[in-house]
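Q: Hey, can you walk me through this protein? I'm new to reading structures, so plain words please.

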Amino acid sequence: MASVSDQPSNIERAFLLDAVAKGVRADGRGPTDLRALRIACGPTHGLAEVQLGQTRVLARVTCAVARPLPDRPTEGLVQVSAELAGLAIPPSPQTTAVEVEEMAVVSRMVDRVIRQSRAVDTEALCIVAGQKVWSLRLDLRILDHAGNLVDAAMVAATAALRHFRRPDVTVDGTDAVIHDPRDRNPVPLSIHHSPVCVSFAFLGHQPAAAASAGQEVVLLVDPSRIEEQIMVSRYTVTLNPHREVCALSKAGGAALPLALIQRCNQIALVKADEINEKIQEALKSQQQ
C-alpha cells in the first residue's frame, strides 16, 4: 500500500534501488528479514498491541448480544474496522485520502482472512438459535505507520481474538442469563486456527519481465513504508500454524511468475512459524 503523500525523491529512490540490488536495506535488514516484532496482551481481555519495527497497531475485541442473520440462524457475527490515529503518518494535503484508502485495505484483508478461513468458530457464538448470538467487534487502531500495516494488523487481530474472553451464559429453553464476569469466569472464544500474514514487496524491474530477461528480481520481506512507496508489486500470503494457506493477495499491476510465487510461499512458511511463536509467547507471558 504505497502512500501518495511524503513520496521519496528520485535521488532517494535511486539510492534505495541500488542498495537493495546489492542485498542491503535502509534499516540494515537482509532481504528476507522481518523487523523486530513485539506483542503485548492485556491488561483487559481482548486487548493486544503489536509493534513491527516502528509500525504499531492496537487491536481490541468486544462483544454484545445481537440477532443472527436470517440465513445463518445458528452463527454469531464478526465485524472488523480499522482507523488511523491522527499522528500515525506525517500530515499532508493527501493525508485524508491516504487514510481512507489504506484503512479500507487493512480492514478488508483482516475481515476476509478471519471470515473466509473460518478462524473463529461462529457457531460457538450462538446463544439461542434464531434469536440471540454473540456479535464480536474487532477494532484496529493504527498508532504508527512505518510500513506493512496488513501484517501487523493481522498479528494484532489474531492475538486479541485469542486473548479475548466473553461472559458465560446459562440457557434454559429460549431464556438466556448472561453472567457478570465478577460472578463467573468469562469464557475464551472457540478458535479454529490463528492466521498470520507475510507480505513481500518487489522492487526495480517488473518481476515477469525480469524473469524472462534472466534478471534477478529484488524481493523484500516485511517492507518498510519507504519500500512500499517504490515497489512495483506486492504479494501477501496468509498461513495458519498448520501450514495451511488461508488466503493469497496480490497488489500492483506487475505479473508474478510461478517460480517467484513458489519461492515466496516457501519463505512465508518459515516466517509464519516465527510469528506464531511470538504470539504464543505473548499469550503465555500474560497468563503468568
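What follows is a chat about the overall build, the cores, the hairpins, the salt bridges and the cysteines.

Q: What kind of model is this?
A: It's a predicted model, where local features need pLDDT of at least 70, side-chain atom pairs count only at pLDDT 80 or more, and totals for chains, interfaces and linings use all residues. Residues are numbered from 1 along each chain as its sequence is written, and side-chain values use heavy atoms, with hydrogens and water left out.

Q: Cool. How many helices and strands does the chain have?
A: The chain has six helices and 14 strands. Both are DSSP runs numbered from the N terminus: helices are H or I with at least four residues, strands are E with at least two.

Q: And how much of the chain is buried?
A: Of its 288 residues, 48% count as buried. Buried means under 20% relative accessible area, exposed means over 50%, and partly exposed is in between (1.4 Å probe, protein chains only).

Q: What area does the chain expose?
A: About 13700 Å², and carbon and sulfur atoms supply 52% of that. Accessible areas come from the Shrake-Rupley method with a 1.4 Å probe; for residues, only the protein chains shown count as cover.

Q: Let's go inside. How many residues does the largest nonpolar core have?
A: The largest nonpolar core has 65 residues, and those with the most contacts inside it are Ile39, Val110, Ile114, Leu138, Leu140, Phe200 and Phe202. Helix H3 (residues 149–163) gives the most to this core, with eleven residues. By the way, a nonpolar core is a set of buried Ala, Val, Leu, Ile, Met, Phe, Trp, Tyr and Cys residues joined through side-chain atoms within 4.5 Å.

Q: Pick Phe200. What is Phe200 in contact with?
A: Leaving aside neighbours within four places in sequence, the contacts of Phe200 include Leu219, Leu220, Val221, Tyr235, Cys264 and Ile267. Contact here means heavy atoms within 4.5 Å.

Q: What about another core, which residues are in that?
A: Apart from the largest core lies another core of eight residues, among them Val20, Val218, Ile230 and Met231.

Q: Switching topic: how do strands S8 and S9 run?
A: S8 (residues 169–172) and S9 (residues 175–178) run antiparallel, joined by four bridges. Two strands pair if DSSP finds at least two bridges between them. Asp172 has Asp175 in S9 as its bridge partner. The hairpin has two residues between the strands, and Gly173 takes a positive phi near 70° there.

Q: And S13 with S14, how many bridges join them?
A: Six bridges join S13 (residues 233–239) to S14 (residues 245–251), and these strands run antiparallel. Leu239 has Val245 in S14 as its bridge partner. This hairpin has five residues between the strands, with Arg243 taking a positive phi near 65°.

Q: OK, charges now. How many salt bridges are there in the whole structure?
A: A search of the whole structure finds 18 salt bridges. To count, a side-chain nitrogen of Lys or Arg must be within 4 Å of a carboxyl oxygen of Asp or Glu.

Q: Which parts does the Asp144 and Arg56 pair tie together?
A: The closest N and O atoms of Asp144 and Arg56 are 2.8 Å apart. Asp144 lies in strand S6 (residues 132–144) and Arg56 in strand S3 (residues 55–66), so the pair ties together parts that are 88 residues apart in sequence. Asp144 is partly exposed at 25%, and Arg56 is partly exposed at 27%.

Q: Where do Asp111 and Arg115 lie?
A: Both lie in helix H2 (residues 95–116), four residues apart, about one turn of the helix. They form a salt bridge too, with the closest N and O atoms 2.7 Å apart.

Q: What about Arg29, buried or exposed?
A: Arg29 counts as buried, at 8% relative accessibility. Arg29 is found in the loop between helix H1 (10–21) and strand S1 (37–41), and it forms a salt bridge with Asp27, with the closest N and O atoms 2.8 Å apart. Asp27 is partly exposed, at 41%.

Q: Which residues are linked in a network of salt bridges?
A: Arg25, Asp27, Arg29, Arg35, Asp222 and Glu227.

Q: Last one: how many disulfides does the structure hold?
A: Zero. A disulfide is a pair of cysteine sulfur atoms within 2.5 Å. For Cys197, the nearest cysteine sulfur is that of Cys246, 8.8 Å away. Cys197 is buried, with a relative accessible area of 0%.
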